[in-house]
There are 2 protein chains.
Amino acid sequence: MGKNLTKRSEDYSKWYNELVVKANLAENSAVRGCMVIKPYGFAIWEKMQAALDKMFKETGHENAYFPLFVPKSLFEAEEKNAEGFAKECAVVTHYRLQNDPDKPGKLRVDPNAKLEEELVVRPTSEAIIWNTYKGWIQSYRDLPLLINQWANVVRWEMRTRLFLRTAEFLWQEGHTAHATEAEAIEETERMNGVYAEFAEEHMAMPVIQGVKTESERFAGAVETYCIEALMQDGKALQAGTSHFLGQNFAKAFDVKFATKEGKQEHVWATSWGVSTRLMGALIMTHSDDNGLVLPPKLAPIQVVIVPIYKGLEQLDVISEKVEPLVKELRAKGISVKFDNRDTHKPGFKFNEYELKGVPVRLAIGQRDLENGTYEVARRDTLEKETVPMDDVVAKIEFLLEDIQTNMYQKAHSFREENITEVETYEEFKKVLEEKGGFISAHWDGTNETEEKIKNDTKATIRCIPLDAENKEGKCMVTGKLSSKRVLFAKAY
Amino acid sequence: MGKNLTKRSEDYSKWYNELVVKANLAENSAVRGCMVIKPYGFAIWEKMQAALDKMFKETGHENAYFPLFVPKSLFEAEEKNAEGFAKECAVVTHYRLQNDPDKPGKLRVDPNAKLEEELVVRPTSEAIIWNTYKGWIQSYRDLPLLINQWANVVRWEMRTRLFLRTAEFLWQEGHTAHATEAEAIEETERMNGVYAEFAEEHMAMPVIQGVKTESERFAGAVETYCIEALMQDGKALQAGTSHFLGQNFAKAFDVKFATKEGKQEHVWATSWGVSTRLMGALIMTHSDDNGLVLPPKLAPIQVVIVPIYKGLEQLDVISEKVEPLVKELRAKGISVKFDNRDTHKPGFKFNEYELKGVPVRLAIGQRDLENGTYEVARRDTLEKETVPMDDVVAKIEFLLEDIQTNMYQKAHSFREENITEVETYEEFKKVLEEKGGFISAHWDGTNETEEKIKNDTKATIRCIPLDAENKEGKCMVTGKLSSKRVLFAKAY
């Protein structure tokens with residue numbers, strides 16, 4: 001039984017959708033736009049969560065939990081945020097169902113159970129959290145306030161895709177309050193840096209750190225930092241954002257603190273988040289026509305061992321060899337599965353673990369027993385070799401590190417090959433159409449030009465890279481002076 | 001500054017509410033009935049989650065995530081469950097807000113954005129999950145299906161109390177599918193046992209395992225197992241439930257599997273859950289008039305060290321002594337805080353950590369420096385002693401174990417003293433009024449008698465204990481034959 005996966009070169013989008021479902025990561029549910037995250041997909045997300053949560057705690061943050069619902073009126077407080085977020089959302093208007101008197105066995109909304117004020121299912125939690133912080137912050141001694149929440153949020157998206165854009169998704173949202181502007185900006189940058197480190201170290205996914213242009217900024221933010229990654233089809237994906245909110249929310253919710261000198265001042269705020277969208281980014285960065293390719297640091301199963309045998313007696317002999325190895329690997333913190341199911345053939349299992357992206361696969365059959373070897377295959381390059389049993393643990397340890405590094409390097413090379421500098425708009429359009437990827441170009445800094453480019457080509461400014469050189473040039477569209485290049489791409 | 005906590009003997013309920021807020025565990029939010037779980041409270045909940053999650057995984061379960069929303073029609077599928085759960089709930093009827101044309105700056109529901117079918121915010125997820133399982137289960141090879149989800153749920157409670165009863169709460173819900181009735185019952189019992197073990201080993205809270213009577217059963221269950229704990233005010237608290245669902249949900253959602261023999265059969269189901277209600281149980285089991293008392297296994301800070309000094313120079317000398325100790329304790333996996341804040345006096349700090357239930361407190365001042373000692377205080381008994389610096393690590397390790405054990409034993413003694421066997425209904429009412437606690441009595445097994453007792457006294461049957469002796473007796477109300485005693489109590 002093959003994997004029957006559409007090839008990336010044929011239809012990248014179809015390949016992605018099929019892979020998510022066939023690798024048992026997620027599926028659509030009975031609720032429009034909401035997904036079910038299946039155990040294998042959720043196990044990867046749990047590994048992401050654990051790594052991120054550790055990094056948040058190491059940078060001084062604590063977790064808390066705020067309500068799922070936001071009263072409509074709280075959204076009215078911060079105008080821009082309301083414009084950006086309170087619109088396409090799930091609205092709770094009633095608090096009771098009752099038996100439908102006209103249709104036996106059916107339920108209906110109880111018309112007498114209408115809420116006085118509608119509740120919005122949180123699309124993001126700035127409003128409810130800043131309304132709460134008002135009670136928590138009185139003095140400079142209460143600052144900085146460094147809080148994160150892991151939660152589900154809902155945005156009523158019309159066109160949804162598993163992991164990439166769903167009506168409900170899981171995320172974390174950090175919300176911090178500071179005594180000074182400088183501290184808040186430092187925090188915003190720090191957390192964007194944490195995201196970049198996570199993406200590169202754990203997901204093996206190179207990212208570019210930058211800031212958004214005004215039109216791409218978070219609604220209510222003064223500055224939005226982001227990490228941008230490049231997918232294999234040449235489209236960019238925004239993988240995380242970190243916002244410097246200035247005093248906008250503090251003013252909207254009247255959150256002031258007494259300074260050391262006894263003055264009353266509004267606090268300075270940040271918020272930052274990554275979501276289950278990272279799952280989409282992970283899949284599209286590394287996977288191939290045979291299925292998922294997972295970086296060892298995020299793989300729920302790092303090593304799988306498949307026995308090749310005739311008859312249960314031989315399986316017993318193999319099991320005797322394998323079990324001490326399993327034990328030894330587990331003691332080293334390596335997640336290993338010995339797939340001794342007698343209901344499936346080795347070929348079926350090989351396919352399954354290739355599809356599921358297990359980084360290292362061991363096979364052991366009659367000849368290996370005779371020679372004291374394992375066949376060791378790595379998922380990233382599909383290379384196989386025969387390894388003496390005595391060396392297999394060291395080999396596995398080496399491979400888990402090497403695969404992690406190799407995956408990063410491969411993705412990094414691809415990314416570097418797909419950043420093109422252009423000088424003219426003609427060149428820009430040509431590269432965009434023929435090659436895709438990031439295009440580095442001069443832009444005059446106006447919303448109008450940005451809008452024109454988007455309308456002409458569907459490409460947007462992904463970010464102004466933090467490490468962009470200050471080097472004068474001329475806007476490719478208007479010819480006006482520009483102080484640095486920005487990165488354009490079509491994006492998810 | 002004292003803690004100004006109401007005494008338990010004065011007003012237990014007020015004591016509880018004050019403690020939850022003053023110890024920074026949780027507070028009410030702007031949304032009726034929904035709480036904010038503050039960082040200190042959430043840190044305890046995270047420890048509970050981690051311990052439970054580990055136990056679930058060790059018993060073969062995997063985590064997944066299902067949608068927040070349940071289409072109304074799915075609730076209609078399982079009649080009893082709909083009766084029990086789909087009624088008092090948050091109902092999403094619209095998917096958009098818009099600027100109110102009549103009130104500038106205000107938002108209103110967009111009347112054109114009405115959902116075709118209302119969505120219920122999950123009060124529990126059997127309906128959406130079983131609707132999904134239909135696609136996952138075809139053959140006996142797909143069974144057992146052992147899945148857990150950590151999620152928020154919403155039930156529109158009219159009278160709410162922090163942690164004990166809130167409109168939104170956090171919980172885990174296990175949902176499993178099995179090939180045989182016996183396996184499903186075994187799973188139901190296993191998970192109730194996991195809950196009991198968690199309560200006793202981690203929360204230091206003794207529980208009684210039992211089954212519910214028909215009238216107290218989960219809506220849609222064939223049998224509901226539970227763990228019941230006793231609070232210090234003599235009221236019982238249901239701390240977790242595990243349900244054997246028979247084939248009710250499989251039939252409602254038409255989930256069948258092919259047996260080894262090729263027959264089509266409906267699968268057998270269980271579900272089981274514990275929630276942030278456990279936080280309420282933890283607080284009410286152990287805490288005292290000085291504040292929280294936390295078992296070491298769940299304490300976010302296990303050891304706090306408070307320096308007593310005059311001038312920052314002396315603080316430096318103390319810090320030099322303390323820092324290697326902090327390092328040594330952390331290396332042993334002990335969570336320790338050195339509170340060297342110069343903005344607060346030692347007395348303030350002592351009060352604060354007593355209020356927050358930190359199990360072990362060390363103090364170190366001038367005399368300790370001279371003598372090479374620490375003052376070591378344990379939170380459970382408030383005992384203090386002077387310990388040579390060389391012995392302090394061993395002392396702390398001893399105390400963390402001893403406090404855990406002592407707290408369990410204290411709660412267990414209290415519980416045992418407050419189980420009273422009665423023979424007559426007069427005696428029952430007298431004990432209930434004067435003493436409270438669990439009352440063990442014979443009952444004729446009918447809903448009518450149970451209902452009468454509840455109406456007369458507000459006491460309910462908490463459970464039929466699993467270890468109840470089969471010993472004939474007469475129902476205390478009707479005098480009819482009864483085969484075993486059941487446990488009554490007033491309950492949270």
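**Strand β23 of chain B and the contact with chain A**

Modeller: In this predicted model, strand β22 (residues 419-421) of chain B, helix α13 (residues 425-434) of chain B and β23(B) make a right-handed β-α-β unit.

Colleague: Why is the unit of β22(B), helix α13 and β23(B) called right-handed?

Modeller: The term describes the path from the first strand over the helix to the second, which has to run clockwise when the strands point away from the viewer. The unit made by β22(B), α13 and β23(B) is assigned as right-handed, so its path is a clockwise one in that view.

Colleague: What makes β22(B) and β23(B) a pair, and in which sense do they run?

Modeller: Pairing requires at least two bridges, and β22(B) and β23(B) have three, so they count as a pair; their sense is parallel. Within this pairing, B:E421 stands opposite B:S440 in β23(B).

Colleague: How do you know that β23(B) also pairs with strand β27 (residues 485-489) of chain B?

Modeller: The reasoning is again one of counting: there are four bridges between β23(B) and β27(B), against a requirement of at least two, and therefore these strands pair as well. Here the sense is antiparallel, and B:H442 stands opposite B:R485 in β27(B).

Colleague: Why is strand β23 (residues 438-442) of chain B described as mostly covered?

Modeller: A residue is buried if its relative accessible area is under 20%, and five of the five residues of β23(B) are buried, so the description as mostly covered follows. Both faces are involved, with B:F438, B:S440 and B:H442 buried on one side and B:I439 and B:A441 buried on the other.

Colleague: Turning to the two chains, what makes B:R96 and A:E88 a salt bridge?

Modeller: The closest N and O atoms of B:R96 and A:E88 are 2.8 Å apart, and the limit is 4 Å, so the pair qualifies as a salt bridge. Between chain B and chain A the count is six salt bridges.

Colleague: How many residues of chain B are in contact with chain A, and what area is buried between them?

Modeller: There are 66 residues of chain B in contact with 67 residues of chain A, and the area buried between the chains is about 5,400 Å², with carbon and sulfur atoms giving 65% of that area. On the side of chain B, the residues that lose the most area to chain A are B:Y65, B:L97 and B:L107, together 13% of what that side buries.

Notes: Residues numbered from 1 in each chain as written. Chains lettered and ligands numbered in written order. Predicted model: local features only at pLDDT ≥ 70, side-chain atom pairs only at ≥ 80, totals over all residues. Heavy atoms only, no water. Buried < 20%, exposed > 50% of the residue type's maximum accessible area, 1.4 Å probe, protein only. Contact = heavy atoms within 4.5 Å. Buried area = accessible area lost by both parts, 1.4 Å probe. Salt bridge = Lys/Arg side-chain N within 4 Å of Asp/Glu carboxyl O.
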